[in-house]
Structures are given as structure tokens and as C-alpha cells.
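Good morning, and thank you for coming. I should like to take you through one protein model, beginning with a single residue and moving outwards to helices and sheets.

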Amino acid sequence: ALDMILEKMKSSGFNFSQIRALSGAGQQHGSVYWKKGSIQILKNASSELPLHQSLKGCFSVSNSPIWMDSSTASQCRALEKAVGGAQHLASVTGSRAYERFTGNQIAKIYSQNPEVYKQTERISLVSSFAASLFLGTYAPIDYSDGSGMNLLQIWEKAWSKSCLDACAPGLEERLGCPVPSHSVLGSISPYYSQRYGFRPDCKIVAFTGDNPASLAGMRLQEGDIAISLGTSDTLFLWIQEPTPALEGHILCNPVDSQTYMALLCFKNGSLMRERIRDVCASGSWDEFSKALSSTVAGNSGNLGFYFDVMEITPEAVGIHRFNRDNQKVVSSFPKEVEIRALIEGQFMAKRIHAEKLGYKVCKYDEY
């Protein structure tokens, strides 16, 4: 894919010699397993061959696990038990054990196929893998993406020995030393200057994960909060004094290594809103908006929590309605009340869980 896009740019006349530095982002939680001896092949890749031909034999695991893999529940429980519980793991690494997190994926590979693990000399995240391709040697994992692995001590910015030992032997040498997310790693591999005309002194800056890159790309600062309304809703923010909890994630800040970012994911996002729109507003967003505008903020004390599927934050399922007297209402609200209950409930949940992670809502006179 990398060769294809660079070839298209080259054929369109793009002048690669203009590029002084490059960096990038990769989807979080994916992992790549380099077979023993691969570093020499990476360093000496011939510019006469497409990259995939040179590297096709370099991987000990042919199918890289990604964030959608949830097959490591037993490894998660074992990791939490080994380090003294879920909350202690969150206090050290920023998150309790999650199936998609890289440490648990490595533990599964080691337990199910120790010979494959033994053949592996380096483990990259998707981000550091992409950086390695440009660098022509193994790129280090950055603090920010590294803090989505259940392996990095987010306070000390170093691998946790107890977490490493719980996942697999000899893991530290396979991960390399983590670095700040804005580190200059070195100059581009000769492969790119010879094949595409990059400047030999073009610098490669550490790549990071897609979520940290969103915080950097949106130029968030301390006190800012960003919400992405998608199939799953995500919330992320710049945070000075985090309080890691059993729900949500604390990651190292990609812009400022001394601060942090909080990340929350809510599975019942746009699909939940669309279902209520279809039921209460004839499938029309215009009607949905009119109904929302026709009700007052606070919904006269009526409140609802709407989870069609098992929620991530918090772990709950079902529709839960409460009236102004805090009595649970089983059947339904009037349509316009239902719509406001849904929207207010979703956004109150986002604020409540952000505050649990250390987010402070400022009063206007504090600005």
C-alpha cells in the first residue's frame, strides 16, 4: 500500500525532495511481529524492488491482531491478577486490562504458540511499524501509543516489569525503549531517496496512534474537550492530573510528555440515536431537532439511559427511564421527552465519566 501511494505521487510529478520531515499515525492496538533477522533485510532493502517483495518473509505472525480482536479475555484476567487487580493495573498503565490491548495479544500468541514468539525479534505497533518502513530500521514505540498496551508505566514512561513478566518472557528486548511522541528518530532510509527522490536528510519523527494524533491534530489544549459522534461515541481531552479508573483510558499526551490525555468510548452512539429518531421522529432529523427544541433543558426532571447493546462505559444494557420523582418508568416517555432524555442522558454520562478521570469543569469566572 505504501509503495502504491508513493508510486502514484511519483507518476503525478510530486517533488519528494521538498519534504524535510515526515511523521504519521496508525490505528491503535494493532501489533506486528518481526521474524529474527528481519532488521538486516529492512536496512538493506533494494530500491529496485517494491517494498513488499523485500519484506514478504519478515513476519513471524502473518495476520496481525487489531483492535477488533476480543479473544484474549483469559489473558486480561491473568494480567490483572498478576499485578494486584484491575484498579492497580489502571493506576500503573492508565487502563484496566482490555482484550484489544497489545500486552494481552502478545500473551495469547506466547501461550498458544511459543515457537512463533521465540522466532520474533521485535514487536511493533501499527504506528511504529509504519515509521520503521520509512526509517529502514526498527522504530521505537512512542509514549502515547505505547500507553494503549497495558504495559507502559504512564507516570515513569517506562515498561512495567510486572506487566511484561505477566505477558511473556524476554518482552522488553522485543519492544525496545519507548520515546516521546515528538522524537526525531533519524533520517529516511536510502530506499526512499533512491527510489522516489526524497532528500537523504529528510527526518523521520516518531509516529503515534490515531487517537493521540486526533488530540494533536485538533490542537486541543488543557481544559479542552472533544467529542466524536459516531457509531461509537468517543470523548478525549487534555488533562493535567489524571485519576485512572476502571472505565476509560489515560494515555500519555503526544504534544506534552508531562501531561496526559483521557479517552472514553461509548458503544451506544449514533445507532442508538438513529433508532430513537426512527421511533419518535418518523426517521427525520428535522423532526427530531424540532422535538428536542420543544422541550426545556433538564427535561422537567425526566431522565433516560439508553443501551441497545452492552455499553463499554459503564458496563450496562437496556433502556432505563426515571421520572422527576426518581421513579423508574418501564414503558416509555412522550416522544419529545424521550428524545431529550436520550440526548441529555448521553451527554451527562460523558461529563460524569470524564470527571471521574480527572477532568475539571471550569466556571466562567475562572477563565
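**A walk through the model**

Let us begin with S147, which is buried, since its relative accessible area is 1% and the cut-off for buried is under 20%. Please keep in mind that we are looking at a predicted model. S147 is found in the loop that connects α9, residues 143–146, with β5, residues 152–153. Which residues does S147 contact, once its neighbours within four places in sequence are left aside? They are T93, L152, I154, I250, L251 and C252.

My second topic is strand β11, residues 233–239. This strand is mostly covered, as seven of its seven residues are buried. In a regular strand, the side chains alternate between the two faces of the sheet. In β11, D233, L235, L237 and I239 point one way, while T234, F236 and W238 point the other way, and all of them are buried.

What are the partners of this strand? Strand β10, residues 225–228, runs antiparallel to β11 and is joined to it by four bridges. One of the bridge pairs places A226 opposite F236 of β11. The two strands are connected by a hairpin, with four residues leading from β10 to β11. Strand β13, residues 260–266, is also antiparallel to β11, and seven bridges join the two. Here I239 stands opposite Y260 of β13.

I turn now to two open sheets. In the first of my two examples, three strands are arranged in the order β1-β8-β7, with mixed pairing. The edge strands are β1, residues 21–22, and β7, residues 184–187, and each pairs on one side only. Helix α8, residues 126–135, packs on this sheet and touches β1, β7 and β8; its direction makes about 25° with that of β7. Within the sheet, β1 and β8, residues 203–205, run parallel and are joined by two bridges. A21 has K203 as its bridge partner in β8.

The other example also has three strands, in the order β14-β15-β16, and its pairing is antiparallel. Why is one side of β14 and of β16 left without a neighbour in the sheet? The reason is that β14, residues 303–307, and β16, residues 328–329, stand at the edges, so each has a single partner strand. Five bridges join β14 to β15, residues 318–322, and these two strands run antiparallel. Y306 has I319 as its bridge partner in β15.

The loop between β14 and β15 contains P314. A cis peptide bond joins T313 and P314, with omega at about -5°. For comparison, most peptide bonds are trans, and most residues other than glycine have a negative phi.

Two residues merit attention for their phi values. K157, although not a glycine, has a positive phi of about 60°. K157 is placed in the loop between β5 and β6, residues 158–159, and counts as buried because its relative accessibility is 13%. N299 is not a glycine either, and has a positive phi of about 55°. N299 lies in the loop between α15 and β14, and at 3% relative accessibility it counts as buried.

Next comes helix α16, which lies across β14 and β15 and runs at about 75° to β14. How does the span of α16 compare with what should be found at 1.5 Å a residue? The 22 residues of α16 should span 32 Å, and the end C-alpha atoms are 32 Å apart, so the two values agree.

Helix α15, residues 285–293, meets α16, residues 335–356: their axes come within 8 Å and cross at roughly 90°. That crossing makes α15 roughly perpendicular to α16. From α15, the residues in contact are F288, A291 and L292, and these meet E336, I339, R340, L342 and I343 of α16. The contact comprises six nonpolar residues, no polar ones and two charged ones.

I finish with G358, in the segment after α16. G358 takes a positive phi of about 115° just after the helix. Is G358 buried or exposed? With a relative accessible area of 15%, G358 is buried. Leaving out residues up to four places away in sequence, G358 touches I239, E241 and T243. G358 and E241 are 117 residues apart in sequence, and their C-alpha atoms are 6.3 Å apart in space. We met I239 earlier, as one of the residues of β11.

Thank you for your attention.

Key
Residues numbered from 1 in each chain as written. Predicted model: local features only at pLDDT ≥ 70, side-chain atom pairs only at ≥ 80, totals over all residues. Heavy atoms only, no water. Pairing = 2+ DSSP bridges. Contact = heavy atoms within 4.5 Å. Axes fitted to C-alpha atoms, helices over the stretch in contact; angles between N-to-C directions. Parallel < 35°, antiparallel > 145°, perpendicular 65-115°, else oblique. Nonpolar A, V, L, I, M, F, W, Y, C, P; charged D, E, K, R; others polar. Buried < 20%, exposed > 50% of the residue type's maximum accessible area, 1.4 Å probe, protein only. Expected span 1.5 Å × (residues − 1).
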